Amino acid sequence: MRAREADKEGFVERGGVKIHYEVYGSGGPAILLLPAWTVVHKRIWKMQVAFLSRRHRVVVYDGPGNGGSDRPLVPSAYDQAAQVSYALAVMDATGLDRAVLVALSRGANWALELAAEHPGRVLGTVLIAPAVPLAKLGRPALDGPAPEVGPSSVRKGVADPASHWVKYNRDYWTAAHEDFLWFFMGQCLSEPHSTKGVEDGVAWGLETTGAVLVAESHAVRATAEQVRSWCAGAAGPVLVVHGDDDHVVPPENGRTVAELTGGRLETIAGGGHLPQLRDPVRVNLLIGEFAARWSGGAAEPVRRWERWTRRERRVLYLSSPIGLGHARRDLAIARELRAQRPGLRIDWLAQDPVTRALEAAGERVHPASRWLAGESAHMESEAGEHDLHCFEALRSMDEILLANFMLFDQVVRDEAYDLVVADEAWEVDHFLHDNPELKRFAFAWLTDFVGVLPMPGGGEREALVAADYNTEMIRRVERFPWLRDRALFVGDPEDVVEASFGPGLPGIREWTAEHFRFSGYVTGFGEHPQDRDALRARLGYEPDERVCVVSVGGSGVGADLLAKVAAAYPEAARRVPGLRMVVVTGPRIDPSRVPRLAGLDVRAYVPELHLHLAACDLAVVQGGLSTCMELTAAARPFVYVPLRNHFEQQFHVAHRLRRHRAGRRLDYAQLAPDLLAEIVATELGRQVDYRPVPGDGAARAAALLADLL
């Protein structure tokens, strides 16, 4: 899924070539995001669109040769004049009389001509890593000798040295197109820990062909004299952004363009050729500030500044929307935090399904929450049949996480908060470490697992990428130890897996003990229910009923498990006379997806699900930590079925449940109706001997947060 879907899309045609465009937002001034080299398409701007379109009308289009546009093999379709005509045609079709132009790499040539030759259409120009013919690029001739076709070391996540520019070669593009892409994207994304960006670039490049790149390479391009003339005549202000470690376009190109245009140069120290992907927060803020100068018509919000003596203590709480377990424990912590700091105001920046639990509890959901991009929906879109590769789903959620961080940053700029509590709000922790200067509050990080573990079926590549992800996290935390004022592990030291972050990296348990404080597990109960008979009566269960609750939590992943368990109900009811099976679909699964069987009790969202779990005689659940630990705390027998390829459920949760001697684990492939019926009959009402779960976790967590206030 994308962080934001287009409001409008369409095609224009020039010279027999169809060009695809998309329009987002409706504010002003308008922003036109130009295409770059044909090897990529408009998704190169994926980290900018959602942020910019909250305040601006944003138009983005595919140049010829990739994306939704035609792929002509005639060089003239890629000429400088043709590229400028495509931009003007898109502006005309989308009603952009004037716009701020934003161009990357080769697109700078087209932006500069537009700014000089069509000044009435251009408000100002942002040029990122401009690949204009002003400095020697250091590449070999396109018709030089091609290397032998062979796998690039970039494929394993290691950047090829610049001497391998011999692969920038017409013959190699056609003979080994994919290998060229791995090499080239490794040069474009030369920053450490760029595995995701490289993979994206290769995928985009595979949407075109070597033959298209060859045709484009024969096109008529701008000359150095033309570029100098356009720079001198460019209408409006110019901002140039360039990384000083750009392996593709020399940084002096950016300096020269800034000098010739009289523009401002922003250098990204350590940045490569695609800073809009690797340093998106900085680039977004630069573009937003640049475009804001033409937003004079917008009324500024009325602001009130308070002296410190009048400022109430305020917390901004972020609770992960992946399921509802985070919401229950965060509400418990918030209650304790208010008890320890009376008069405290807590605002929640949250999204569905968490907002349902918060509103039911009478909490204040920040109005900006409506702009958050859907993380739960993304996870659901990545899932298969009881299968969610959560690490890959997290990686592919990068533009959603960035969009949500940009919203968070705006909230904390507009309002003063003493403390931000982030319960697995990955975007806030990640991008604050990328941009530590944006921190203006005490920051507490909460999580119930540490460390990405590769799935065995992922092979060498997944092991490398997981280790790279862990390495980046470790290096960030150790470089900026002050950024997390408090890091809380929701559990005890023994709940951390005994595994390594990767080859040559520290052990997860040892590192976590050094960098985290431990709150013990936080359940959603407050106090554990003591009188189970009274609880059952309150929930509508008869004293002699045998109750089996089936639940997959608050996300939409798990409908297949519900259907399988429901299909086993007739046989289970035959074996257990009077069996009452309650199937809870949760807030994001349509109850109609569960078979309607006589005697089967199917319910949608149940706000107090944890109490039903505490009252049941058996639960059949997915492998989510919150649900399993609530069952453990309530000492109820349960069967759990971890999602396939979900490293947290497969390793971290399973480790914790083994430590507590809790639950019976099943694999999804085992779930035949007869076996399920037998297990229900065997496990129903079984006496358990779990390790006790103390009930003071919320109070301990709150105490660790309270002293930050």
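The following paragraphs describe a predicted model of a protein chain, from its overall form down to one residue.

The protein chain contains 27 helices and 21 strands. Its radius of gyration is 28 Å, close to the 27 Å that the globule rule gives for 709 residues, so the chain is as compact as a globular protein of that length. Measured out along the principal axes, the C-alpha trace spans about 90 × 65 × 50 Å.

Of the 709 residues in the protein chain, 61% are buried. The contacts within the chain can be sorted by sequence separation: among those between residues at least 6 apart, 75% join residues at least 24 apart.

Turning to the surface, the protein chain exposes about 27100 Å², and carbon and sulfur atoms supply 50% of this area. The chain carries 80 positive and 93 negative charges, and the mean positions of these two sets are 3 Å apart.

A single residue, Ala466, serves as a local example. Ala466 is part of helix 18, which covers residues 459-479. Is this residue buried or exposed? Ala466 has a relative accessibility of 1%, and because the cut-off for buried is under 20%, Ala466 counts as buried. Beyond its neighbours within four places in sequence, Ala466 is in contact with Phe391, Val452 and Pro454. Met455 lies 11 residues from Ala466 along the chain, and the C-alpha atoms of Ala466 and Met455 are separated by 9.5 Å.

Conventions. Residues are numbered from 1 along each chain as its sequence is written. This is a predicted model: local features need pLDDT of at least 70, side-chain atom pairs count only at pLDDT 80 or more; totals for chains, interfaces and linings use all residues. Side-chain values use heavy atoms; hydrogens and water are left out. Helices (H or I, at least four residues) and strands (E, at least two) are DSSP runs, numbered from the N terminus. The radius of gyration is taken over C-alpha atoms; the globule rule is 2.2 Å times the number of residues to the power 0.38. Buried means under 20% relative accessible area, exposed over 50%, partly exposed in between (1.4 Å probe, protein chains only). Contact means heavy atoms within 4.5 Å. Accessible areas come from the Shrake-Rupley method with a 1.4 Å probe; for residues, only the protein chains shown count as cover. Lys and Arg count as positive and Asp and Glu as negative; His and the chain ends are not counted. The place of a charge is taken as NZ of Lys, CZ of Arg, CG of Asp or CD of Glu.
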